[in-house]
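Please work through the exercises below with the sequence and the model at hand. Each task is followed by a stepwise solution.

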Amino acid sequence: MAFLSYHQDMTAPQFVPFTDRYLPTQPPEAAAQAFCQVMQKRRSVRMFADRPVSRATIEWLVRAAHSAPSGANKQPWRFVCVQDPAIKARIREGAEAEEREFYTRRAPAQWLADLAPLGTDEHKEFLTIAPWLIIVFQMVHLDDGGQVYYLKESVGIACGLLLAAAHHAGLATLTHTPSPMGFLNEILGRPRHERPFLLIPVGHPAEHCEVPALALQRRPLDDVMKVL
Ligand SMILES: Cc1cc2nc3c(=O)[nH]c(=O)nc-3n(C[C@H](O)[C@H](O)[C@H](O)COP(=O)(O)O)c2cc1C
């Protein structure tokens, strides 16, 4: 048997037929419209039910996120999935401490004005009520010290897929960013090369869940899309 040298092994591309393709039952336009109509029903939820969600469900969501493209396929992410009530309580405590600082001291006036219609404040009950908290970390290098590329783009796309997968499964999420998020490394025992990116509660919305009216607004398509 002929062995590839280390150098050849690292650099020579190998290709396989792309046969395992996703083929929707509808043609592209109808399929795109149907998906859009599902996604337009996603909302950031801050009022969760304590109804459980299985670990297997969360694993599927993470697998979906992990299917994301990434710079040089380095997959520079880690998803820490927390269901332990004691850990969730510590995360809530840490987040509320940062958010208290944010809302009372750190936030510039314009930011507070922009947040006002959303009705958010330093109280984060959802962090102990939602059955799962997924803390997404971006890896500034791999565990073995290997380089990563387009870190924020890669992890951002993975998070987008995670939100879409949860929504598709009938679950609610919030993209929460209690800044700075360094306290999450300490509570979750994560190393320094992992930086918290998003804190995502996942679960079912509370029965009488409300969302801010502002969240329903979107800029018109001809403002966000230019066709040349
Ligand atoms: C990067 C990012 C950070 C966010 N941080 C917070 C946050 O810390 N707390 C919060 O309540 N919502 C947060 N949001 C949610 C936004 O307020 C929400 O996406 C926006 O109001 C639109 O509402 P929708 O998600 O229901 O469409 C964040 C969203 C993004 C994308």
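The exercises concern model confidence, one strand with its partners, and the ligand shell.

This is a predicted model, in which local features need pLDDT of at least 70, side-chain atom pairs count only at pLDDT 80 or more, and totals for chains, interfaces and linings use all residues. Residues are numbered from 1 along each chain as its sequence is written.

**Exercise 1.** Determine where in the protein confidence is lowest and where it is highest.

Solution. Step 1: pLDDT is the predictor's confidence in each residue, from 0 to 100. Step 2: the protein has an average pLDDT of 96, and 96% of the residues score at least 70. Step 3: helices are DSSP runs of H or I with at least four residues, strands are runs of E with at least two, and both are numbered from the N terminus. Step 4: the lowest confidence is in helix α1 (residues 6-11), with a mean of 62, and the highest in helix α3 (residues 55-66), at 99.

**Exercise 2.** Establish which strands pair with β2, and in which sense.

Solution. Step 1: pairing requires at least two DSSP bridges between two strands. Step 2: β1 (residues 77-82) pairs with β2 in the antiparallel sense over six bridges, and Trp77 stands opposite Gln138. Step 3: β4 (residues 194-203) runs antiparallel to β2 and is joined to it by eight bridges; here Val136 faces Leu198.

**Exercise 3.** Classify the residues of the shell around the ligand.

Solution. Step 1: among the residues surrounding the ligand (C-beta atom, placed from the backbone, within 6 Å) are Arg43, Arg46, His176 and Val211. Step 2: Ala, Val, Leu, Ile, Met, Phe, Trp, Tyr, Cys and Pro count as nonpolar, Asp, Glu, Lys and Arg as charged, and the others, Gly among them, as polar. Step 3: the shell comprises four nonpolar, five polar and two charged residues.
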